Amino acid sequence: MTKMRFWKTATKAFFLCALVSALACAQTTTTFEAPGAGTGAGQGTLSEFINAQGLTLGYYIDSNGVDHGFIRSANGNFVTFSAPGAGTGSGQGTLGESINPAGTLTGYSIDGGGAMHGFLRSANGTFITYDAPGAGTGAGQGTLSLNINPDGAVAGYYLDSGSNAHAFLRLKDGNFTTYEVAGAGTGAGQGTGTASGIGLSPNGTITGAYIDSNNSLHGYMRTFDGTVTDIDAPGGGTGPMQGTDTDGLNPAGVIPGPYVDTNNVAHGYVRATDGSFTTFDAPGAGTGAGQGTIPEGINPQGAVTGYYVDSNSASHGFLRAPGGTITTFDAPGAGTSAGQGTFAFLDNASGAITGYDIDGNGVNHGFIRTP
């Protein structure tokens with residue numbers, strides 16, 4: 001399922017000194033490894049979230065293939081954590097997804113049987129674990145908590161006993177609202193999901209995507225009162241795993257994301273608050289199936305970051321300024337073969353970007369790129 005994990009796999013840098021300036025600032029890219037991260041293929045550090053203070057959040061995979069959450073402060077100090085009940089076998093463990101200004105974070109764990117459970121971790125390290133009503137208990141089923149807002153509400157989705165997805169909003173008091181978007185399919189691998197990290201606004205608006213009965217993707221936005229708006233970017237295909245995904249929203253309500261065309265090539269879009277779309281492709285993006293441009297995050301000023309997959313199926317980071325200028329970059333040490341490269345995930349108000357790279361040996365490394 002998304003980032004919406006429905007279809008995505010799991011340097012020199014650029015940011016404008018001012019939105020109206022044409023001069024680029026000097027950039028610094030710092031790569032990092034969480035304590036305990038493994039050094040083999042498929043192991044290492046995956047950073048996926050950054051807040052206004054430069055704190056990064058994600059997870060690392062140890063030498064046994066087990067996931068553990070981490071928080072990295074702007075000065076480079078780490079806190080690592082594992083949720084209660086998280087499994088200790090390969091492919092199990094704890095994944096951090098989103099953190100609010102109070103330092104409360106959310107994510108999900110995978111237990112010893114392969115089922116998923118949501119959690120909240122307060123700034124003092126106290127955990128609350130939970131399961132959405134109707135969540136399945138089998139391997140690959142359960143609750144994925146993916147977003148938290150300043151009020152402590154969380155949003156995500158759960159997979160039921162038939163592996164169909166349903167979205168949820170959990171308020172700070174623990175009350176759940178679950179929902180399905182009209183048109184969502186009811187089969188295994190179909191249903192309604194949410195974006196991750198920045199998919200829940202302070203006012204309770206949620207962005208996500210759903211998979212219909214034809215296995216096509218459609219984005220949506222749901223306000224707190226339950227009003228749903230479909231988001232289908234122009235040019236999106238209607239075949240299996242084609243169509244439109246969303247990757248959250250910024251405080252102004254601007255939504256970025258990718259869409260997949262009839263040739264299975266990904267392209268970026270930005271949806272303005274009036275519902276109009278701007279589509280774009282990063283320079284160097286490939287034009288073959290499984291290639292193209294994949295936006296992942298947007299900051300308060302409207303700068304969009306993400307990555308593109310080139311004609312050799314290697315990935316590279318990009319930053320699209322609010323005016324449309326796109327700059328591409330690679331993290332130091334990023335591999336250049338298919339499935340390797342740089343994966344940028346989120347940028348903050350200061351223009352810092354976090355993500356991870358996969359090196360030539362298939363090992364993951366976190367990075368932060370600062371102006």
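Is Asn361 buried or exposed? Select Asn361 and you will find an exposed residue, at 63% relative accessibility; the classes are buried under 20% relative accessible area, exposed over 50% and partly exposed in between, with a 1.4 Å probe and protein chains only. Before moving on, note that this is a predicted model, in which local features need pLDDT of at least 70 and side-chain atom pairs count only at pLDDT 80 or more, while totals for chains, interfaces and linings use all residues. Residues are numbered from 1 along each chain as its sequence is written, and side-chain values use heavy atoms, leaving out hydrogens and water.

**Stop one: around Asn361**

Asn361 belongs to the loop between strand 27 (353–358) and strand 28. Strands here are DSSP runs of E with at least two residues, numbered from the N terminus. Now add Thr205 to the selection: its C-alpha atom is separated from that of Asn361 by 41 Å, and the two residues are 156 apart along the chain.

**Stop two: the aromatic pairs**

The structure has 16 aromatic pairs, meaning rings of Phe, Tyr and Trp (its six-membered ring) with centres within 6.5 Å; planes under 30 degrees apart are stacked, over 60 edge-to-face and the rest tilted. Select Phe329 and Phe367: their ring centres are 6.3 Å apart and the planes stand at 80 degrees, so this pair is edge-to-face. Phe329 sits in strand 25 (residues 326–329) and Phe367 in strand 28 (residues 364–370), so the pair ties together parts 38 residues apart in sequence. Phe329 is buried, with a relative accessible area of 3%, and Phe367 is buried too, at 0%.

Keep Phe329 on screen and add Arg369, whose charged end sits over the Phe329 ring, 4.2 Å from its centre. The criterion is NZ of Lys or CZ of Arg within 6 Å of the ring centre and within 35 degrees of the ring normal. Another case to select is Arg72, which lies over the face of Phe32 at 4.6 Å from the ring centre. For a cluster linked by ring pairs, pick Tyr307, Phe343, Phe345 and Tyr356.

**Stop three: three loops**

Go to Asn77, in the loop between strand 4 (67–72) and strand 5 (78–81). Asn77 is partly exposed, with a relative accessible area of 49%. Leaving aside residues up to four places away in sequence, Asn77 touches Ile71 and Arg72, where contact means heavy atoms within 4.5 Å.

Next comes Asn264, in the loop between strand 19 (255–260) and strand 20 (266–271). Check its backbone: phi is positive, about 65 degrees, although Asn264 is not a glycine. Asn264 is partly exposed at 32% relative accessibility.

Then choose Ser313, in the loop between strand 23 (304–309) and strand 24 (315–320). Ser313 is a residue other than glycine with a positive phi, near 70 degrees, and its relative accessible area of 28% makes it partly exposed.

**Last stop: the largest pocket**

Which residues lie closest to the centre of the largest pocket? Select Phe49, Ile99, Ile198, Pro251 and Pro300, from a lining of 27 residues. The largest pocket contains about 540 Å³ of space. Strand 2 (44–50), strand 6 (93–99) and strand 26 (341–347) each give at least two residues to its lining.

On a 1 Å grid over the protein atoms alone, a pocket is an open set of points where a 1.4 Å probe fits, with protein on both sides within 12 Å along at least five of seven lines; lining residues have an atom within 4 Å of a point. The volume is the space filled by probe spheres set on the points, which are joined across faces, edges and corners.

Notes. Helices (H or I, at least four residues) and strands (E, at least two) are DSSP runs, numbered from the N terminus.
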